[in-house]
Each structure stands twice: as C-alpha cells, then as structure tokens.
Amino acid sequence: MQEQAGIQELRLRAGEPVMLSFSSEDRILCVSRSSTLHKHDAIVCRPEQLEACFLRFCEESVYAHEQELREGFVAVRGGLRVGVAGTAVLDGDRVRSVRQVTSLCIRLPRRHAGCAASLLPLIHSAGAVRSTLLVGEPSSGKTSLLRDIAATLAARRVRVAVVDERGELGGVDGLRGCDVLRGYPKAVGILQAVRCLAPQVVVFDELGDTAEMAAVAACAHAGVATVASLHGRSPLELAQKNAVRELIDREAFEQWVFLQGRHAPGRWLECVYPEVTDGEIYWHPVNRGGGDRFGVDVCPTATVSG
C-alpha cells in the first residue's frame, strides 16, 4: 500500500488493536482496509502473540538482551529497535530485565540517502569537519540524518568512526567506509575510537549522561570532531537543563542544529551556537544569508526531505 512509506512505528499492545504511527497521527490496522482512525474491523494483538513477538525479537533468549532491556529496548539485527513496556525485574533499585510484556514499539528504520545534503556545507567545508549537535524530539529524523552524514563524509575520504551502541546507525546495509563500534557503551566507544582508530570525526546517536559529555570533551581536546544528536525541542527548553549547561560550558560543539519535529522528519529549522554572558545563555545564528563566523553561505531555514 502507498501509505507504507509514511509509517514510522508499529505498536503492539496486549489485547488492543495494532497501531501504525505516522508523523501526524496514529492509525488502526484493519482487516478490510490498510488502516483507519476507527476501531471497526481492527486487527487485535492477542497477549500470546505479543509474547511470541517479544521472544522472537530476543532470538528466544531474554537473558542475552538484559543489558538492552535495562534501557527499555531490544536491538534487532538490521538496525531495528523495539521499545518494550512491561513489569520491571529489579535488582535493588536497578532494572535488571522486563517480564510480563504488555506492549512493543517497533521503530522502522529507513535509509534516506542524501537527506542531510543541506547540512553538509555547514558540517564539512574547506577540508574541516565541525562538531555539530542535532537537536530534535523523537521521530524527528535525527538517526537518519546522522547515518547520511556519516556515509557522505566517508565517501569524501574523511575518516569516520561510528559508535553504534544500539545497532541503529548501521541500518540494514551498514555504513561503508566507516569504522563502526557496535554495542559499545557510548562513552567507552568514543574514547576507544579516539585512542585506537585515529578518526577525524566520531558520530553517535542520543547524547545522554555526563560520562558521554566528558568523552565528547576529550574528543575536542584531541582535535577530533563530533557529530551527535540530543533529545530536545528548542534552545529555551535546553537552557533549563543543568546537563546541557555543562555541555555548553565545555564548548564541545561548535554549532547546534534544531530540527522541526516529528511532523517534518529530517527537516531542520535553524543552526545556532550558544554563548554564555553574565550567566545567561544566548543563542546566535550560524547563518544569516551570507557570512557567518564559519564563512558558510547557507540559509538556516533550509529544509531537506526524508
């Protein structure tokens, strides 16, 4: 069906209709037609079917995926990530695993070759790669953009190391010409890449804890650029987070690219850089039509498809 191209996620919930998530809405999968907003003729996911799907994603070994389940997902070969909801199995105050699974969120990976075309002049010009942080809400296209950035830089003979903790960046067909560290915790993988692989740029998804921020700072000190992503919606929202303030203070990223959101995946809104003055964070545009501090002439409201 033609609408398959717009499906971002498949949601399975025990005893409830199967849901298809698009950028603008969720639809119910039905027997008589592809999808609808109503429950008539809906395909319902039975609890035993949900359990069978979960075990299949775990390759019949939940124990082998416990490290991922602590983070709430299962990584499947081919770059597929499945979010898991259920009852936590605790070890003290730590989540050890999940049992009695009640829902699965299957994010469908796609390769959008060329989707980062309008960002590349900002990131790579005059032989230099500039550290860049992509900021966007879930399903706004961060992973697709990072994958295309890594692939394009590698094709330009830039030495690219990809820290692919969850197996998503490699995707179905991998990343040719890149050194991929799959399954490494990001902080460990970043430092190992810098020490052992002599990259010009390290690419990874979903910057999170302080250890990862320290690793990014170590990259900068070693003269290695970083291109990464961060969950967020706006400069104002980020300014309220202490961890982000620490990241800004470290000056680890030269520019921050804010994406439009899940309604327009892969499209970017503005490219800015933060400056702290008298304790306040000010965001300055990298581009305003001609001549910015990097000398790149690209409009910050440019959009890309994907």
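**Figure 1. Strand E7 gives the most to the lining of the second largest pocket, with three residues.** The close-up is taken from a predicted model. The pocket, second largest in the structure, holds about 380 Å³ of space. Its lining comprises 18 residues, and those nearest its centre are Glu68, Phe73, Ala75, Glu165 and Arg166. Two or more residues of this lining come from each of helix H2 (66–69) and strand E7 (73–76). By class, the lining of the second largest pocket contains three nonpolar, four polar and 11 charged residues.

**Figure 2. The largest cavity is lined by two nonpolar, no polar and seven charged residues.** One cavity of 30 Å³ or more is found when the whole structure of the predicted model is searched. The volume of the largest cavity is about 80 Å³. Its lining is formed by Val163, Asp164, Glu165, Arg166, Glu168, Leu169, Lys186, Asp205 and Glu206. Glu165 and Arg166 belong to this cavity lining and also lie among the residues nearest the centre of the second largest pocket.

**Figure 3. Helices H5 and H6 pack with their axes 8 Å apart.** Helix H5 spans residues 186–196 and helix H6 spans residues 210–221, and the angle between them is about 15°. Because this angle is under 35 degrees, H5 is described as roughly parallel to H6. The crossing of the two helices, H5 and H6, is left-handed. On the H5 side, the contact is made by Lys186, Ala187, Ile190, Leu191 and Val194. H6 contributes Ala211, Glu212, Ala215, Val216, Ala218 and Cys219 to the contact with H5. The residues of this contact comprise nine nonpolar, no polar and two charged. Lys186, a contact residue of H5, is also part of the lining of the largest cavity.

**Figure 4. Helix H6 also packs against helix H8 (residues 242–250), and their axes come within 10 Å.** The axes of H6 and H8 cross at roughly 10°. H6 is therefore roughly parallel to H8. In H6, the residues Thr210, Met213, Ala214 and Ala217 take part in this contact. Their partners in H8 are Ala243, Glu246, Leu247 and Arg250. Classified by residue type, the contact of H6 with H8 has five nonpolar, one polar and two charged residues.

How values were computed. Residues are numbered from 1 along each chain as its sequence is written. This is a predicted model: local features need pLDDT of at least 70, side-chain atom pairs count only at pLDDT 80 or more; totals for chains, interfaces and linings use all residues. Side-chain values use heavy atoms; hydrogens and water are left out. Axes are lines fitted to C-alpha atoms, for helices over the stretch in contact, and angles run from 0 to 180 degrees between N-to-C directions. Helices (H or I, at least four residues) and strands (E, at least two) are DSSP runs, numbered from the N terminus. Angles under 35 degrees count as roughly parallel, over 145 as roughly antiparallel, 65 to 115 as roughly perpendicular and the rest as oblique. A crossing is left-handed if the near helix is turned anticlockwise from the far one by less than a right angle, and right-handed if clockwise. Contact means heavy atoms within 4.5 Å. Ala, Val, Leu, Ile, Met, Phe, Trp, Tyr, Cys and Pro count as nonpolar, Asp, Glu, Lys and Arg as charged, and the others, Gly among them, as polar. On a 1 Å grid over the protein atoms alone, a cavity is a set of points where a 1.4 Å probe fits but cannot get out, and a pocket is an open set with protein on both sides within 12 Å along at least five of seven lines; lining residues have an atom within 4 Å of a point. Grid points are joined across faces, edges and corners, and a volume is the space filled by probe spheres set on the points.
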